[in-house]
Amino acid sequence: MQGASTAEESSLLNSQPARILRPILGLIAIFTAFGWSTGFMRDPSAPAWQLLLVALAIGVLGVWMLFFLANDLVSRFPRVWAERIRPYIFVGPALLLLFAYLILPTLQTLYFSFLDARSQRWVGWQNYQFAFTDRTMLIAFRNNLLWLVLVTGISVSLGLVIAVLVDRVRWEPLAKSLIFLPMAISFVGAGVIWRFVYAFQPPGRPQIGLLNAIWVSLGGNPIGWLQTQPLNTFALILIMIWLQTGFCMVILSAAVKAVPHELLEAARIDGANEIEIFFQVILPYVSKTVMTVATTVVILVLKVFDIVYVMTSGQFGTEVIANRMYSEMFRFRHFGRGSALAVILLIAVIPVMIANLRSWRRAQ
């Protein structure tokens, strides 16, 4: 019976060569179009409207045709083969892109982290030794630790408290919108805005910075918020808290609303006050969501770069790991040290991601 089945499958393939050839030719044409569009998109003299049309045509229609023709090709095969191959047809391009743009660069970065910048010779762990012994790098690690503790702790705590408070007011949508509004601003945009807030002029000159204008009007001397250590690090941390509190509030607000009203009423009947209800009922119920939000903020803070780069470029003791990585790679052209810092960031993020995944699985 097995031999008869194999013979039948072979006859089906041999009886429909033209039907199989058509989708193959279509796939060849699609890949040819992809190759041509890649070269065309790199042409600096091409008009913008042509680039837009090619991007839409190839990026949307071309990808749709790619999956359509690949599925059509697989459907020509015997059913047993088609059922085995079809999942890889749809998942394959995503896995290929993931390998090309994530795994390969990661492996290349790991390799570069063991090389010298200029001679490109193997230096072993010297770049990592620099990362953990250089004074500037130690300051960067210290600052990153401060960012992790303060931004995560304050933004998540504020988000949870605000979510509980606004849940009981009539103008809840307006309050949430105002608090969430900073999330619509990019980190670079927030940095530009807060540069004006922290702007400093010497005594006797008009203060264009909001904080110094208020401080001088109260009788104080103007303060260099971004030049005074360690005040400048906390000033930068405040920006991230301002940006992330709204995100934490929105996610935690949904979790707070999911707390059963029967549970809250039972606690009130038992004589618990609102503070006891918050710590003994609401907080344990939303603890998994709090953990998920906290790990998300931790991953974001570990990679913080934009705010520091726009505000101080890492000067005056405000250096962080990501900004130092950028400086080593693109300012000092020391790719080995920059790659080592990138690997350190990756290693620091992996445990947080694993904890987040485990928390998510336990919540299922």
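I began with the crossing of α6 and α10, which is right-handed. The model I consulted is predicted. Helix α6 covers residues 135–166 and helix α10 covers residues 231–257. I noted an angle of about 40 degrees for their packing, with the axes 6 Å apart. An angle of about 40 degrees is neither under 35 degrees nor within 65 to 115, so I recorded α6 and α10 as oblique to each other.

I then looked up which kinds of residue form the contact of α6 with α10. I found 20 nonpolar and 7 polar residues there, and no charged ones.

My next entry concerns asparagine 143, which lies in helix α6. Is asparagine 143 buried or exposed? Its relative accessible area is 0%, under the 20% cut-off, and therefore I entered asparagine 143 as buried. I also followed its side chain, which reaches the backbone oxygen of glycine 317 at 2.9 Å. Leaving aside residues up to four places away in sequence, I listed Thr233, Gly317, Thr318, Glu319 and Val320 as the residues that asparagine 143 touches.

Finally I turned to α6 and helix α13, the latter made up of residues 287–302. These two helices pack at an angle of about 145 degrees, and their axes are 9 Å apart. I noted that α6 passes α13 in a right-handed crossing. On the α6 side I found residues including Trp147, Leu148, Val151 and Val156, which meet α13 residues, among them Val290, Val293, Val297 and Leu302. I recorded this contact of α6 with α13 as 12 nonpolar and 3 polar residues, with no charged ones.

Terms used:
Residues numbered from 1 in each chain as written. Predicted model: local features only at pLDDT ≥ 70, side-chain atom pairs only at ≥ 80, totals over all residues. Heavy atoms only, no water. Axes fitted to C-alpha atoms, helices over the stretch in contact; angles between N-to-C directions. Helix = DSSP H or I, 4+ residues; strand = E, 2+ residues; numbered from the N terminus. Parallel < 35°, antiparallel > 145°, perpendicular 65-115°, else oblique. Left-handed = near helix turned anticlockwise from the far one by under 90°. Nonpolar A, V, L, I, M, F, W, Y, C, P; charged D, E, K, R; others polar. Buried < 20%, exposed > 50% of the residue type's maximum accessible area, 1.4 Å probe, protein only. Polar contact = N/O pair within 3.5 Å; in protein donor to acceptor, adjacent residues only side chain to side chain. Contact = heavy atoms within 4.5 Å.
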